[in-house]
Amino acid sequence: MENSESSSSLGPPDRGMARPSGPSGQLSESARPSKHREHRSKSPRRRREGKRPQRRGDGHEQLLWEIERRRLPGQHEHLEPSGSASDTAESSPKRRAHFLHGPYPATHFGPKACILPNPTSVMHIQDPASQRLTWNKPPVNVLVIRKIRDESLVEPFKELCRFLVEEKQMMVYVERRVADDATLSKDEAFGSIRNQLCTFREGYDDISDCIDLIICLGGDGTLLYASSLFQGSVPPVMAFHLGSLGFLTPFKFESYKTEVAKVFEGNAAITLRSRLKVKVVKDMLQRTDQQPHDREPPEQQQEHNGLLPHGHTNSEAGKVTLQLQVLNEVVVDRGPSSYLSNVDLYLNGRLITSVQGDGVIVSTPTGSTAYAAAAGASMIHPNVPAIMVTPICPHSLSFRPIVVPAGVELMITLSPDARNTAWVSFDGRKRQEIQHGDCIKITTSCYPVPSICCHDLVYDWFESLAQCLHWNVRKRQARLADISDSSDTEN
């Protein structure tokens, strides 16, 4: 039963949630459903003892137990009991689908990929070593993202596309501006492959439900861009290091055929890089000293403020809402003003502090090695469920970076006495102005980016720290030639 439960939801069973309230087999009413699952893994005698208290009930809980015992793997989250049995299922702690300190991430990535089920998992936070990729169905559609304005990537791009189309018989998706590149258009030998590529335009074509695997050719910015294309479930991402830094791109392109073939076979290690769910609410009624285009209808103001993607307008309330998924960080800064940025920071609705300085960074563990690291924050492994709050040049000697649980909601607003507006950007994109009456709400998203590892998620991270950031690089101290020469040994 525990094995089938893990294969459907990929969430570990809630062992230990129910405890006996008396002698063996005597349970409290609220603990029975969980305890029955625990009895199934024990001897037949213990199972018979565990079923005795059910004779006092109305039979619905016993029916639930029989249904779940006979249920096949993958059926648990689709069968809904009726009547009082449904109430029992809702009250059962088994139905809890959250981490202890944050939302339980989606474990299905695109239409065909998911995490390999781990029947031995006990805790809500999955063991990093058990994060393995598997395919429900063979992958067919591959999105290839290439770094733009880099001529050195044209040949690797053509090699990869030819390999995927001719040898692997994959359907390859690329951006239209990539397919229309003049260099590719002039290559007659690549013409047959180019004609088989499927193209799309960012912001116009929705490809979120048809991509099975993403392959990035470039640097870290390429992976950030790939994340922005999927505002819901993200397919597995395989990133090749063909850029400048390459902290998030562990694969070498020289062995791309072997590496891609391994990923298609499944069982690859993956890192679940959590993202931030960001909601920006703008109060259009409180805007003062507006530019001429700001007096247009809210639908047209959306376009001027960069709110077209996943935006929503409430004309009656005068609110404009933007929702985004952010992989690295949300940066609120003072913009072009010479005054200090003065914003209020709330945590779960309670005012925590006011940030007076150049701004504040709210980042994921993945973003802890980016802008936040330059601002003095600690570097956190991407598997740690957390949100980092890092001030930018605060006008206070005691304002240190902090780490908060992943499940909290942060809210940032302009302080009432702020002398100027603030500006916000999301992974370095969609920069816009924040005025009085606007607010930014940030929490952990349930849609992480499943980044495929070259070796494993621990080795890859420390390898990136050493190779890209030269973490703890120091000239080695020479050993003493003669121990008797040391002053520490003098009598």
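**Stop 1: a salt bridge between two loops**

Start by selecting Asp-358 and Arg-334 in this predicted model. The two residues form a salt bridge, and their closest N and O atoms are 3.5 Å apart. Asp-358 sits in the loop between β15 and β16 (359–363), while Arg-334 sits in the loop between β13 (329–333) and β14, so the pair ties together parts that are 24 residues apart in sequence. Are these partners buried or exposed? Asp-358 is partly exposed, with a relative accessible area of 23%. Arg-334 also counts as partly exposed, at 26% relative accessibility.

**Stop 2: the β14–β15 hairpin**

Now select residues 341–347, which make up strand β14. Add β15, whose residues are 350–357. How do β14 and β15 pair? They run in the antiparallel sense, over seven bridges. Strands of a sheet pair through backbone hydrogen bonds, either parallel or antiparallel. To see one facing pair, pick Tyr-346 and look across to Leu-351 in β15. Then move to the turn: two residues lie between the strands of this hairpin, and Asn-348 takes a positive phi near 55°.

Stay on β15 and click Val-355. Val-355 is buried, with a relative accessible area of 2%. Show the C-alpha atoms of Val-355 and Asn-342: they are separated by 5.6 Å, although the residues are 13 apart along the chain. Beyond its neighbours within four places in sequence, Val-355 is in contact with Ser-341, Asn-342, Val-343, Val-360 and Phe-399.

**Stop 3: a buried serine**

Next, select Ser-415, in the loop between β19 (410–414) and β20 (422–426). With a relative accessible area of 2%, Ser-415 is buried. Which residue's side chain joins that of Ser-415 in a polar contact of 2.6 Å? Show Asp-344 and you have found the partner. Leaving aside neighbours within four places in sequence, the contacts of Ser-415 include Asn-342, Val-343, Ser-354 and His-436.

**Stop 4: more salt bridges**

How many salt bridges does a search of the whole structure find? The total is 11. Select Arg-146 and Asp-181 for one with its closest N and O atoms 3.7 Å apart. Arg-146 belongs to strand β4 and Asp-181 to the loop between α7 (176–179) and α8 (182–186), so this pair links parts that are 35 residues apart in sequence. Arg-146 counts as buried at 5% relative accessibility, and Asp-181 is buried with a relative accessible area of 17%.

Move on to Arg-194 and Asp-180, a salt bridge whose closest N and O atoms are 3.8 Å apart. Here Arg-194 lies in helix α9 (residues 191–194) and Asp-180 in the loop between α7 and α8, so the pair ties together parts that are 14 residues apart in sequence. Arg-194 counts as partly exposed at 24% relative accessibility, and Asp-180 is partly exposed with a relative accessible area of 47%. Before leaving, highlight Glu-155, Lys-158 and Asp-187, which are linked in a network of salt bridges.

**Stop 5: helix α11 and what surrounds it**

Select residues 256–265 to light up helix α11. Which of its residues are buried? They are Tyr-256, Glu-259, Val-260, Ala-261, Val-263 and Phe-264. Show the elements that these buried residues pack against: β3 (133–135), β4 (141–146), α6 (154–167), β7 (213–218), β8 (237–241) and β23 (449–452). Following the helix is Gly-266, which has a positive phi, near 95°.

**Stop 6: a three-stranded sheet**

From β3, you can trace an open sheet with the order β1-β2-β3 and antiparallel pairing. Its edge strands are β1 (108–109) and β3, each pairing on one side only. Two bridges join β1 to β2 (residues 113–115). Zoom in on Phe-109, and you will see Ala-113 of β2 opposite.

**Stop 7: helix α14 and a surface patch**

Select Ser-464 in helix α14. Ser-464 is buried, with a relative accessible area of 10%. Not counting residues up to four places away in sequence, Ser-464 touches Phe-247 and Leu-469. Then show Val-458, Phe-462 and Trp-471, a nonpolar patch on the surface with about 290 Å² of accessible area together. Trp-471 is in the segment after α14 (457–468) and is partly exposed, with a relative accessible area of 45%.

**Last stop: the whole chain**

Zoom out to take in 14 helices and 23 strands. Of the 491 residues in the chain, 49% count as buried. The chain exposes about 25100 Å², with carbon and sulfur atoms supplying 50% of it.

Definitions and conventions: Residues are numbered from 1 along each chain as its sequence is written. This is a predicted model: local features need pLDDT of at least 70, side-chain atom pairs count only at pLDDT 80 or more; totals for chains, interfaces and linings use all residues. Side-chain values use heavy atoms; hydrogens and water are left out. Patches are made of residues with over 30% relative accessible area and no salt bridge: like charges are joined within 9 Å, nonpolar side chains (Val, Leu, Ile, Met, Phe, Trp, Tyr) within 5 Å. Accessible areas come from the Shrake-Rupley method with a 1.4 Å probe; for residues, only the protein chains shown count as cover. A salt bridge is a side-chain nitrogen of Lys or Arg within 4 Å of a carboxyl oxygen of Asp or Glu. Helices (H or I, at least four residues) and strands (E, at least two) are DSSP runs, numbered from the N terminus. Buried means under 20% relative accessible area, exposed over 50%, partly exposed in between (1.4 Å probe, protein chains only). Contact means heavy atoms within 4.5 Å. A polar contact is a pair of N or O atoms within 3.5 Å; within protein, one must be able to donate a hydrogen and the other to accept it, and residues adjacent in sequence count only if both atoms are side-chain atoms. Two strands pair if DSSP finds at least two bridges between them.
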